[in-house]
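Visitor: Could you take me through one part of this model up close? I'd like the charged side chains and who they pair with, and then whatever sits around them.

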Amino acid sequence: MLSNTRQDQILNYLKKNVSATVKELAAALYVSEATVRRDLVEMQILGLLQRSHGGAILLEATDESSIIVRMTEHAKEKGIAVSNALPHIPTDFKTVFLDSSSTILALAMRLSLVNKTVVTNNLQTVLQLSKIRDINLVIPGGNISLGGTSVTGSWTSSQLSNFHFDLMLTSCAAIVGDGAYETSLDQREVKRTVFDRSDCRILLCDHTKFERTGTYLFENLSAFDKVIFDRLTDKQQEELKNCPIVC
């Protein structure tokens with residue numbers, strides 16, 4: 001069983017029961033107690049739960065939903081978008097920024113990042129990519145909210161302003177008109193900082209982003225080098241005909 005799937009099941013169990021012992025979780029998931037303990041360590045680092053003596057207690061997220069949960073939302077659509085994106089990702093880049101979205105994490109797991117410098121503010125991405133040899137993996141400092149899965153804030157943006165990126169891979173919270181929007185001002189500022197310091201910028205979304213709303217404009221779609229979706233309606237393609245759309 002994949003760790004993301006298993007950790008999602010642990011979260012669902014805790015949502016129903018609030019707390020659980022390692023023995024209970026191991027029996028419920030049909031895995032070893034050692035495996036559960038490793039998952040609980042990772043999940044506590046991500047702020048998803050609090051480990052207790054012999055088990056764990058659920059921590060409810062405040063302003064940022066768990067990326068483990070988000071990975072399971074519209075998974076089919078994200079998978080198609082990632083497959084659509086792969087032929088359009090440059091291969092000669094040396095430095096890349098990966099944002100904190102679940103979509104970009106899914107893409108990162110299918111990219112060859114060996115001998116690349118990878119900068120990300122996503123804690124789960126760091127955990128996953130740290131298992132791969134020969135990656136120069138960098139995470140900026142900053143604020144992590146209760147239950148949050150990313151590093152954000154003015155300190156984060158300040159550190160990222162000292163980088164130059166060959167490639168930026170990012171998603172967004174919502175597509176409104178011809179703009180990519182965020183629901184968090186801190187996330188918007190981090191992405192704007194990186195956008196201005198990147199040679200190639202690729203936005204990757206599934207079509208459900210059109211069903212959502214955002215407060216803070218990240219950037220107009222026409223400013224990206226590629227904007228990649230799983231699919232679009234004929235009407236949406238017509239409305240965005242002046243944007244570099246791939247689907």
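**Salt bridges around one arginine**

Guide: Let's start with a pair: Glu219 and Arg192 form a salt bridge through their side chains, 2.4 Å from N to O. This joins distant parts of the chain, since Glu219 belongs to strand 11 (residues 216-220) and Arg192 to helix 9 (residues 185-195), with their positions 27 residues apart in sequence. Keep in mind that the model is predicted.

Now for how covered these two are. Arg192 has a relative accessible area of 15%, so it counts as buried, the cut-off being under 20%. Glu219 comes out at 16% relative accessibility, so it is buried as well.

Arg192 has another partner, too: its side chain meets that of Asp196 in a salt bridge of 2.5 Å, N to O. Asp196 is partly exposed, because its relative accessibility is 47% and that class runs from 20% to 50%. As for the general idea, side chains of opposite charge can pair when their charged atoms come close.

How many salt bridges does a search of the whole structure find? The count is 8. One of them pairs the side chains of Lys241 and Glu238, at 3.2 Å from N to O. Elsewhere, Asp99, Glu182 and Lys191 are joined into one network by salt bridges that share partners. Back at the Lys241 pair, Lys241 is exposed at 56% relative accessible area, while Glu238 is partly exposed at 48%.

There's another acidic residue worth a stop, Asp199, which sits in strand 10 (residues 198-204). Its side chain makes a polar contact with the side chain of His164, at 3.0 Å. Setting aside neighbours within four places in sequence, Asp199 is in contact with His164, Phe165, Asp166 and Asp225. Asp199 is also 10.0 Å from Val96, C-alpha to C-alpha, although 103 residues separate them in sequence.

His164 leads on to Thr95, found in strand 4 (residues 95-98). A polar atom of the Thr95 side chain lies 3.2 Å from the backbone oxygen of His164. Not counting residues up to four places away in sequence, Thr95 touches Thr117, His164, Phe165, Asp166 and Leu167.

To put that in context, the protein chain has 10 helices and 13 strands, and buried residues make up 50% of its 247 residues. Of the contacts between residues at least 6 apart in sequence, 61% join residues at least 24 apart.

Conventions. Residues are numbered from 1 along each chain as its sequence is written. This is a predicted model: local features need pLDDT of at least 70, side-chain atom pairs count only at pLDDT 80 or more; totals for chains, interfaces and linings use all residues. Side-chain values use heavy atoms; hydrogens and water are left out. Helices (H or I, at least four residues) and strands (E, at least two) are DSSP runs, numbered from the N terminus. Buried means under 20% relative accessible area, exposed over 50%, partly exposed in between (1.4 Å probe, protein chains only). Contact means heavy atoms within 4.5 Å. A polar contact is a pair of N or O atoms within 3.5 Å; within protein, one must be able to donate a hydrogen and the other to accept it, and residues adjacent in sequence count only if both atoms are side-chain atoms. A salt bridge is a side-chain nitrogen of Lys or Arg within 4 Å of a carboxyl oxygen of Asp or Glu.
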